[in-house]
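Student: I should like to go through this structure by question and answer. Could we begin once it is displayed?

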Amino acid sequence: MQVDFVIMCGGYGSRLKPFTYIIPKPFLTANNISPFEYTLRNIPEKLNVRKIFVTVFYKKDFIKKELRKLNKNIQIIIEKEAMGTAGSLRTIVKKDCSKNIIITNGDIYSKIDYEKLLDNHIKSNSDITMCIKPHKIPLPYAVMSKKKNQIFFKEKPVIVKKINAGIYVIKKNFLVNFFKKNRNNFVNMNQLFENKKKINIFDIGNKWIDIGHINDFKRAYNEIKKW
């Protein structure tokens, strides 16, 4: 089964300024490797990726220069204006692309098993597969619970929630039909999920870091070398 790959690199990286005044967020490095390069290295050859699309807007000239250094079959999709987190997919599905498309944010370090992800998506027969991961939220206070007439306190518990990992598999036909109905150039990813029944969930585990905040960027230095 062939698949195409999209790496989203169009964002401003506002939360990582002043670093992103010069270098766009997907190309900042931790342990001498950027999230973008880390993503490319973790795409297995047997996944049968036909094309890799990279969407760019902010610092597009910097990114184009970096991509020229790579010996990869990469097609650059340049946004002439900000198109949201999903608007550039309109351009991609107009091209000769595969039935299923793996999409990832460009600022993510992840050891996801893309073969299992694609297989899970196909078997689910879903329009969209959203990757999620567990996220621990420590509470600084005791939490009260009541059972019958007794009250219990748990000191500083850790709550585990599932969060959107910014990685998806989407059917090409679904995107084509979506953009036929939605003529707006600016489209966010959450608009693809609204009122859709055929959405699949895939848990990627804990080997994932989004460097959206400076603390997460620092954490990447220590964690990714252990993966």
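Student: Which residue with a positive phi follows H4?

Tutor: This is a predicted model, in which local features need pLDDT of at least 70, side-chain atom pairs count only at pLDDT 80 or more, and totals for chains, interfaces and linings use all residues. Residues are numbered from 1 along each chain as its sequence is written, and side-chain values use heavy atoms, with hydrogens and water left out. Helices (H or I, at least four residues) and strands (E, at least two) are DSSP runs numbered from the N terminus. Phi is near 55 degrees at the residue that follows H4, asparagine 125.

Student: Which residue caps the N-terminal end of H4?

Tutor: A side-chain oxygen of the capping residue lies 3.1 Å from the backbone nitrogen of glutamate 115. The residue that caps H4 in this way is aspartate 113.

Student: Why are the buried residues of H4 placed on the same side of the helix?

Tutor: Buried means under 20% relative accessible area and exposed over 50%, with partly exposed in between (1.4 Å probe, protein chains only). In H4, residues 114–124, the buried residues are Tyr114, Leu117, Leu118 and His121. They lie on the same side of H4 because the arc they cover around the axis, taken from the directions from the helix axis to the C-beta atoms, is only 95 degrees.

Student: Which exposed residues does the face of H4 turned away from its buried side carry?

Tutor: The buried side packs against several elements, including helix H1 (35–41) and strand S10 (199–203), where contact means heavy atoms within 4.5 Å. The face turned away from that side carries the exposed residues Lys116 and Lys123.

Student: Is asparagine 200 buried or exposed?

Tutor: Asparagine 200 is placed in strand S10. Leaving aside neighbours within four places in sequence, its contacts include Asn120, His121 and Ser124. Its relative accessibility is 14%, so asparagine 200 counts as buried.

Student: Which element gives the most to the lining of the second largest pocket?

Tutor: A pocket is an open set of points on a 1 Å grid over the protein atoms alone, where a 1.4 Å probe fits, with protein on both sides within 12 Å along at least five of seven lines; lining residues have an atom within 4 Å of a point. The second largest pocket is lined by residues including Lys133, Trp208 and Glu223. S6, S9, strand S11 (208–210) and helix H7 (214–223) each supply at least two residues of that lining. With four residues, the element that gives the most is S6.

Note on methods
A polar contact is a pair of N or O atoms within 3.5 Å; within protein, one must be able to donate a hydrogen and the other to accept it, and residues adjacent in sequence count only if both atoms are side-chain atoms.
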